[in-house]
Amino acid sequence: NSSDLSPPSFLLASIPGLGTAHFWVAVLLCSIYVVAVAGNCAVLFIVKTEPSLHAPMYFFLCMLAAIDLALSSSTVPRVLSFYWFDSREISFGACLVQMFFIHTLSAIESTVLLAMAMDRYVAICHPLRHAAILTNAATAKIGLVAMARGVLFFLPLPLLLLPLPFCSSRLLSHSFCLHQDVMNLACASTTPSVVYGLTAILLVMGLDAIFICLSYILILKAVLRLALWKERLKVFSTCIAHICVVLAFYVPLIGLSVVHRFGKDLAPLVHITMGYIYILVPAVLNPIIYGVRTKQIQRRILSLIHIHSD
């Protein structure tokens, strides 16, 4: 019998051709993970302890930091145990749980990025109403809606895989579990999973991307109505950090989706590398981008460094 209704485990993929260098691959991934954890924890600490940063934009930034911490922590430690201790197998249940967290947290992050775009739109196009519209209570409600939206749309993904029989091949394309990857190992019709997965991505990430683009079209119209180029650049510069964070999230997401959809003949290295970029790049870049672009965060970091150096 080549199938099993409840496969005991899947096999995680490693970077091909580096069998003797797994330790150093793990060291590299661990270093990147430590940078991501330190950067996002620093953002959370600085916003919490700096009263001038108690505003919707920075609360959204805290949400991003918490999401990136959860997303990287739900995958990287398991990847490190694989490379360091040759713990290659992951149980079916653990794989589905990891899959749920990866896709749900990505959906929540997409919603928060949309909320940040709307924050910039209101701040630039309706500055006098900004404080009344985006109150602290409204920001908290947006965070709860983002969480509920992610859970409701992506909880069915692992549930749709539960009844499927899986073939004798249990080798994944990544070092962690993604819906498309696990689904491809099933030896029965996966049409419901394919249709629902595509629908969920379009209704969440797809709609979010469209509304983010629309918000920036309206922002550009408002900026171009300003008389002086200096004023235009000053106003639009407040959006640069958010635009960079949006690109850091959506470019790896689109790249990974394209690789899964059209890259079946690509080398395994491409699949694995795109997976690591998708998980780690936003978590590393987001605190760096906002640290560089936000003067209050810069000053707080410099003051902390000065205190510790003394």
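This is a walk through a predicted model, from its annotated spans to its helices, its core and a few single residues.

Let us begin with what the record says. In an unreviewed entry, UniProt places the feature "domain: G-protein coupled receptors family 1 profile" at residues 39-290. In the model, that stretch is 77% helix and 1% strand, and its end C-alpha atoms are 10 Å apart. The unreviewed entry in UniProt also lists "transmembrane region" at residues 20-46, 58-84, 90-117, 138-162, 194-219, 240-263 and 269-292. Two of these spans are worth following in the coordinates. Residues 58-84 are 93% helix and 0% strand, with end C-alpha atoms 37 Å apart. Residues 90-117 are 93% helix and 7% strand, and here the end C-alpha atoms are 38 Å apart.

Now turn to helix 3, which covers residues 76-85. Seven of its ten residues are buried, so this helix is mostly covered. The buried residues are V76, R78, V79, L80, S81, F82 and Y83. What lies over them? The cover includes helix 1 (22-49), helix 2 (56-73), strand 2 (89-91), helix 4 and helix 12. Just after helix 3 comes D86, which has a positive phi near 55°.

Y83 leads us on to the nonpolar core. The largest such core has 84 residues, and Y83 is listed with F10, L113 and V182 as having the most contacts inside it. Which helix gives the largest share of this core? That is helix 4, with 17 residues. F10 is a good place to look around. Leaving out residues up to four places away in sequence, F10 touches R88, E89, I90, F92, C95, F166, R170, L172, V182 and L185. V182, itself among the core residues with the most contacts, is thus one of the partners of F10.

Helix 4 spans residues 92-125 and also holds R120. Is this arginine buried or exposed? R120 has a relative accessible area of 11%, and because buried means under 20%, R120 counts as buried. Its contacts, leaving aside neighbours within four places in sequence, are M57, Y216, I219, T238 and C239.

Helix 9, residues 191-224, is the setting for L218. Here the picture is one of partial exposure: L218 has a relative accessibility of 38% and so counts as partly exposed. Beyond residues up to four places away in sequence, L218 touches Y121 and C125. L218 and L69 are 149 residues apart in sequence, and their C-alpha atoms are 32 Å apart in space. I217 is in helix 9 too. With 43% relative accessibility, I217 is also partly exposed. Measuring along the chain, I217 and P165 are 52 residues apart, while 47 Å separates their C-alpha atoms.

Finally, look at how helix 11 and helix 12 pack. Two packed helices are described by the angle between their axes and the distance between the axes. For helix 11 (residues 240-262) and helix 12 (residues 268-293), the axes come within 9 Å and cross at roughly 175°. Angles over 145 degrees count as roughly antiparallel, and the two helices are therefore roughly antiparallel to each other. The residues of this contact divide into 19 nonpolar, five polar and one charged. Helix 12 has appeared before on this walk, as part of what covers the buried residues of helix 3.

Conventions
Residues are numbered from 1 along each chain as its sequence is written. This is a predicted model: local features need pLDDT of at least 70, side-chain atom pairs count only at pLDDT 80 or more; totals for chains, interfaces and linings use all residues. Side-chain values use heavy atoms; hydrogens and water are left out. UniProt positions are given in the numbering used here, feature names are shortened, and annotations may be inferred rather than shown by experiment. Helices (H or I, at least four residues) and strands (E, at least two) are DSSP runs, numbered from the N terminus. Buried means under 20% relative accessible area, exposed over 50%, partly exposed in between (1.4 Å probe, protein chains only). Contact means heavy atoms within 4.5 Å. Axes are lines fitted to C-alpha atoms, for helices over the stretch in contact, and angles run from 0 to 180 degrees between N-to-C directions. Angles under 35 degrees count as roughly parallel, over 145 as roughly antiparallel, 65 to 115 as roughly perpendicular and the rest as oblique. Ala, Val, Leu, Ile, Met, Phe, Trp, Tyr, Cys and Pro count as nonpolar, Asp, Glu, Lys and Arg as charged, and the others, Gly among them, as polar. A nonpolar core is a set of buried Ala, Val, Leu, Ile, Met, Phe, Trp, Tyr and Cys residues joined through side-chain atoms within 4.5 Å.
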